[in-house]
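Here is a friendly walk through the model shown below. Have the coordinates open as you read, and follow along residue by residue.

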Amino acid sequence: MARYLLTRAWQSALTLLLSTIVVFVGVRALPGDPALALAGEDRSPEALEAIRRHYGLDQPLPVQFAQYVERVAQGDFGVSIRTGTPVSSMLTTALPVTVELSVLAIAIASLLGVGAGVLAAVRRGRPAEWFANALALIGLSVPHFWLGLLAILYLSVATGLFPASGFVPLLEDPVDNLHHIVLPAVILGTGLAAIIMRQTRSAMLDSLSSDYVRTAKAKGLRPRAVVTRHALRNSLIVVVTVVGLQLGGLISGAVVTEQIFGLPGFGKMTIDAVFQRDYPVIQAVVLLTATAYIVINFFVDLLYSVIDPRIRVTGNPA
Amino acid sequence: MTTAPASTATTVLEMRDLSVSFPTETGTVSAVDGAALDLAAGEIVGMVGESGCGKSVTGMSIAGLLPGSARVTGSVRLNGTELVGARESALRRVRGREIAYIFQEPMTSLNPVLTVGRQIGEVLQVHERMSRRAAHARAVELLTLVGIPSATHRVGAYPHQLSGGMRQRVMIAMAVACGPKVLVADEPTTALDVTVQAGILQVLRDLRDRLGTSILIITHDLGVIADIADRVVVMYAGRVVERAPVTDLFARPYHHYTAGLLSASPKPGRHASTARLAEIPGLVPVLSTQPDACTFADRCPAADARCRESAPPLEVAGDGTDHLAACWHPCPPQPREANR
């Protein structure tokens, strides 16, 4: 087990370094000269030169990279070329919004998706399955922005049950914070729930027809114990994989929902930075997204080994 | 359709006229037709037949383990209590406590993500209301009982960490945890090495001797039957075609199918290595309805018009009262030479 952990940690570190390099090189390969974008009206060669020197853009790439890594290690992501604010302070306001939204959305999606998936598998061929399938199809095919707009229209504007937009930090007022974030989280969670439901259902159908479930029944266990302890436990690998992937995607992928509900999150920050060729911000955003994926994957692998003892021994998800 | 055998006072399990059919997309498939069987206390009965003859379905139907789509009629009584059509909750109390199962493939029949101790303990927690700790301690004793060395250590192992033979021993430990009256062993040695098979059969025999468990052993292997069974039931295409004490059956089969089975299995010294084993021509039919005819007629060397017009009942054959066969034209003596 310790060896498995160590191997996975080492792999994660290596992936992180590689993604840093890719991010660094990739941003510099983007078309357009940031010095030109910054210079505005004054595009004299002297002015451009001064800007390049000020931001270290005149140094050779390896030197720039070394300086970059050193600064990042100290939590310094540089200063936004556009606004002049430190990127780290932009992140401290934007990240908590997105992390809270994502975690809440994924929690809702998991509860809904796993519950409906198990139900659909256990009640196969009966009304409960058709109902769950139909709901999942709707969840998959209805666009989120439309669902979000409907929710704002009926639950905020018409009835005033929820605020239509804005955000209050969790630490400032937890109740008001939840009030603001529940609706976007539910909207975001429903589409994800549909995917989790489909995956859970097919994994459960597999385990329910397995020999060990027959054994569990032959032991005289209650249906609930057969389903949860035996069938679901063996289906969890699939569920954890899907949920992990979705959580990673949410960190950078909640843009539309954030936009509709006026949440000052990570997604909005990313879009703005890309349009304005704000190198330091793009770098920070991409690096953080990559890190989020790597960390989440590490925990997913950790969970694999908790769920399935065979993975602990071979070191591979078999 | 069957004559009940001389039922003794100690009969534990009584199966009468059991029929099972499954609805499929192409129509109903009849898997078992009028099977009858008795298990006395401490008796080992072997059920033998080709794949698809309905022997596993018969075994599964005893404790109502068939899928919900199966249509089961007839009667299975455990100490006089009817199990066919019993409520699910009543069957749950029987399963694992009074009737326990061992299956063919111990790797897939054990849950890969739970320790063997947990899986054995589970039965005790459900039926004996033991605490998890007490169940764990009992699991160690059970593992020792079925001959697993260093049981205190192995109780925490996962199925993939054990050999095939050990896994099957774990299955047996799990099955006998609550001291069941009946043990249904469905091809318990088929997936195992020959050397391991003997050990598993020995464990089953020991359990019978020590706990008085009645065992129904389902197999296609006549060697296993000869080794362990007291009595044999031969099944063909969903019907019981012959039933006899094991020595009688091997010495003098009456049904041509039984005779065919016997000559299709190797015997040391016979034919040396020159001759091929005899085979029974044709395949087991898949039946949508059970015809009023002998289902073996198409493959039988002795079949005539009568065999195709009416089904032979399972009747006392020969001198003994406990040797029964369902055949209009029973085999002559020394059938192994007579059969090709």
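## Salt bridges, within and between chains

B:E82 and B:R77 form a salt bridge in which the closest N and O atoms are 3.7 Å apart. B:E82 is partly exposed, with a relative accessible area of 25%, and B:R77 is partly exposed as well, at 34%. Elsewhere, salt bridges with shared partners join A:K219, A:R229 and B:E122 into one network. Please keep in mind that this is a predicted model.

Over all chains, the structure holds 20 salt bridges. Four of the pairs are set out here.

| Pair | Closest N to O distance |
|---|---|
| A:R8 and A:D301 | 2.3 Å |
| B:R231 and B:E43 | 2.5 Å |
| B:E122 and A:R229 | 2.5 Å |
| B:E82 and B:R77 | 3.7 Å |

What does the salt bridge between A:R8 and A:D301 tie together? A:R8 sits in helix α1 (residues 2–29) of chain A and A:D301 in helix α13 of chain A, so the pair links parts that are 293 residues apart in sequence. Both A:R8 and A:D301 are buried.

Chain B offers a pair of its own, since B:R231 and B:E43 form a salt bridge at 2.5 Å. B:R231 belongs to strand β9 of chain B, while B:E43 lies in the loop between β2 (27–40) and β3 (44–48) of chain B, so this pair ties together parts that are 188 residues apart in sequence. Both B:R231 and B:E43 are buried.

## Where the chains meet

Now to the interface. Chain A and chain B bury about 2100 Å² between them, with 59% of that on carbon and sulfur atoms. Of the area that chain A buries against chain B, 27% comes from A:R214, A:A218 and A:K219, more than from any other three residues. The contact takes 21 residues from chain A and 27 residues from chain B.

How many salt bridges are counted between chain A and chain B? The count is 2. In one salt bridge, the side chains of B:E122 and A:R229 meet at 2.5 Å, N to O. Across the interface of the two chains there are also 11 residue pairs in polar contact, both residues being at pLDDT 80 or more. On the side of chain A that touches chain B, the elements giving two or more residues are α9, α10 and α14 of chain A. The most comes from α9(A), with 6 residues.

Two of these elements also stand out in confidence. Among the elements of chain A, helix α9 (residues 211–218) has the highest mean pLDDT, 95, and helix α14 (residues 309–314) the lowest, 71. For chain A as a whole the mean pLDDT is 85, and 98% of its residues reach 70 or more.

## Packing inside chain A

Helix α12 of chain A spans residues 266–275, and A:F266, A:G267, A:M269 and A:A273 are buried in it. Seen down the axis of α12(A), the buried residues fall within an arc of 160 degrees, so they line one face of the helix. They pack against α5 (87–122), α10 (223–253), α11 (255–260) and α13 (279–307) of chain A. Just after α12(A), A:R277 takes a positive phi of about 50 degrees.

Helix α5 of chain A also holds A:V114. A:V114 is buried, with a relative accessible area of 18%. Which residues does A:V114 contact, leaving aside its neighbours within four places in sequence? They are A:A109, A:I196, A:T200, A:L232 and A:V239. A:V114 and A:L232 are 118 residues apart in sequence, yet 9.4 Å apart in space, C-alpha to C-alpha.

## Positive phi in chain B

Most residues other than glycine have a negative phi. B:E187, although not a glycine, has a positive phi of about 50 degrees. B:E187 is placed in the loop between β7 (182–186) and α8 (194–211) of chain B. Is B:E187 buried or exposed? B:E187 is buried, with a relative accessible area of 6%.

B:A237 is another residue other than glycine with a positive phi, near 45 degrees. The loop between β9 (231–236) and β10 (239–245) of chain B is where B:A237 is found. B:A237 is buried, with a relative accessible area of 4%.

How values were computed
Residues numbered from 1 in each chain as written. Chains lettered and ligands numbered in written order. Heavy atoms only, no water. Buried < 20%, exposed > 50% of the residue type's maximum accessible area, 1.4 Å probe, protein only. Helix = DSSP H or I, 4+ residues; strand = E, 2+ residues; numbered from the N terminus. Arc of directions from axis to C-beta. Contact = heavy atoms within 4.5 Å. pLDDT = per-residue confidence, 0-100. Buried area = accessible area lost by both parts, 1.4 Å probe. Salt bridge = Lys/Arg side-chain N within 4 Å of Asp/Glu carboxyl O. Polar contact = N/O pair within 3.5 Å; in protein donor to acceptor, adjacent residues only side chain to side chain.
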